[in-house]
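This report covers a sheet, the helices packed on it, a pocket and an annotated domain. The sequence and structure come first.

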Amino acid sequence: MESIGVAMTTQMFTYLEQNLEGRFNLFKLWNHPLDSDFLQLNAQSVRAVVGCTKSGADARLIDTFPNLEIVATFSVGLDKIDLPKCLEKGIRVVNTPDVLTDDVADAAIGLAMAVLRRISESDRFVRSGSWMKNDFGLGTRFNGKSVGIIGLGRIGSAIAKRAVAFGCPIGYFSRTEKHHRGYKYFPSVLDLAANSQILFVSCTLTEETKHIVNREVIDALGPNGILINVGRGAHVNETELVSALLERRLGGAGLDVFENEPHVPEQLLELNNVVLLPHVGTDTIETSIAMADLVIRNLEAHFRNEPLITPVI
Ligand code: NAP
């Protein structure tokens, strides 16, 4: 397989890069932009693209490689891939579901805990020496709070399972009602938010779910409610989120993802009731290795004409 051209869109994980390099003829697009002479010269040999949440496969990239057969994303989310174009051109698409589910759910619960128990804020309090002068004050509890989940898929279900262990009643909104006894289905996000103290976002990002958390939803969650987003930044109308937090119409937020990441609205940096993560939901050594192995196994299966492990298309 050493002669097969594989284009990696951006730097994502050294282990993956090294393993691709050991098996294929790897083109690193951060060294060779799409319009460079080098890449134009080698474009015919590229049969696979490896992308991620930062940089996937849009129409321009797909058109650059006339012999492209497969797009593999080092993520479960597909929002950075032009799926209709892949479908139209008969290009296969694979992602990395399941292996990352538990770590993203852990991160979501961690964010909720951090906001409610003011963990990041209290860490700053100790480091700054403020403890010598004052008591820190009180947080609010996580256990027993009503949890709402937008998108009861793999990650949403894993969040629910963890929240149940903390004695939280679970409500959810998805395209379809699940037959899960004990979890309450809400046919609208607005109803779900109105009946939740903590609202988690863990659905797929599509045109339908863009800004699924808007001003109305935020107001339904209310001044004592908190929003945790481990889906994608564009699920939440960030301008509305920022004004709700500034006007205290929302109690707090824990965010792993942002509309225009890595750019984060400056006003959020000043707020103590907000915990901000740099899109690290899956970023443990264990999960990153499992995701990378899955990318490689999918590519190898494709080029051996074997069934794909985790096919999307
Ligand atoms: P999944 O199992 O496919 O679950 C997706 C969920 O979204 C399903 O419950 C689905 O509803 C729901 N959904 C899709 N379209 C919807 C719509 N129009 N309205 C309401 N709900 C809708 O995917 P997953 O593995 O749990 O991953 C979910 C998302 O998490 C990914 O797409 C990605 O964006 C994000 N993610 C983030 C990180 C991170 O680092 N922060 C890491 C991994 C994934 P049905 O069940 O009714 O079909």
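## Strand pairing and the sheet

In this predicted model, strand β4 (residues 70-73) and β5 run parallel and are joined by 3 bridges. I70 has R92 in β5 as its bridge partner.

Both strands belong to an open sheet of 5 strands, ordered β2-β1-β3-β4-β5, with parallel pairing. β2 (25-28) and β5 (92-94) are the edge strands, each paired on one side only. On average, neighbouring strands of the sheet are turned by 20° against each other, direction ignored.

## Helices on the sheet

Helix α1 (residues 14-23) packs on the sheet and touches β1 (5-8), β2 and β3 (46-51). The direction of α1 makes about 135° with that of β2.

Helix α12 (residues 285-303) also packs on the sheet, where β3, β4 and β5 are the strands touched. Between the directions of α12 and β4 the angle is about 165°.

## Second largest pocket

The second largest pocket has a volume of about 410 Å³. It is lined by 20 residues, of which V115, R118, T140, G251 and N273 are the closest to its centre. Two elements, α5 (101-116) and α10 (238-246), give two or more residues to the lining. By residue class, the lining of this pocket consists of 8 nonpolar, 8 polar and 4 charged residues.

## Annotated domain

An unreviewed UniProt entry carries the annotation "domain: D-isomer specific 2-hydroxyacid dehydrogenase catalytic" for residues 27-312. Over residues 27-312, the chain is 35% helix and 14% strand. The end C-alpha atoms of that range are 24 Å apart.

Note on methods: Residues are numbered from 1 along each chain as its sequence is written. This is a predicted model: local features need pLDDT of at least 70, side-chain atom pairs count only at pLDDT 80 or more; totals for chains, interfaces and linings use all residues. Side-chain values use heavy atoms; hydrogens and water are left out. UniProt positions are given in the numbering used here, feature names are shortened, and annotations may be inferred rather than shown by experiment. Helices (H or I, at least four residues) and strands (E, at least two) are DSSP runs, numbered from the N terminus. On a 1 Å grid over the protein atoms alone, a cavity is a set of points where a 1.4 Å probe fits but cannot get out, and a pocket is an open set with protein on both sides within 12 Å along at least five of seven lines; lining residues have an atom within 4 Å of a point. Grid points are joined across faces, edges and corners, and a volume is the space filled by probe spheres set on the points. Ala, Val, Leu, Ile, Met, Phe, Trp, Tyr, Cys and Pro count as nonpolar, Asp, Glu, Lys and Arg as charged, and the others, Gly among them, as polar. Two strands pair if DSSP finds at least two bridges between them. Axes are lines fitted to C-alpha atoms, for helices over the stretch in contact, and angles run from 0 to 180 degrees between N-to-C directions. Contact means heavy atoms within 4.5 Å.
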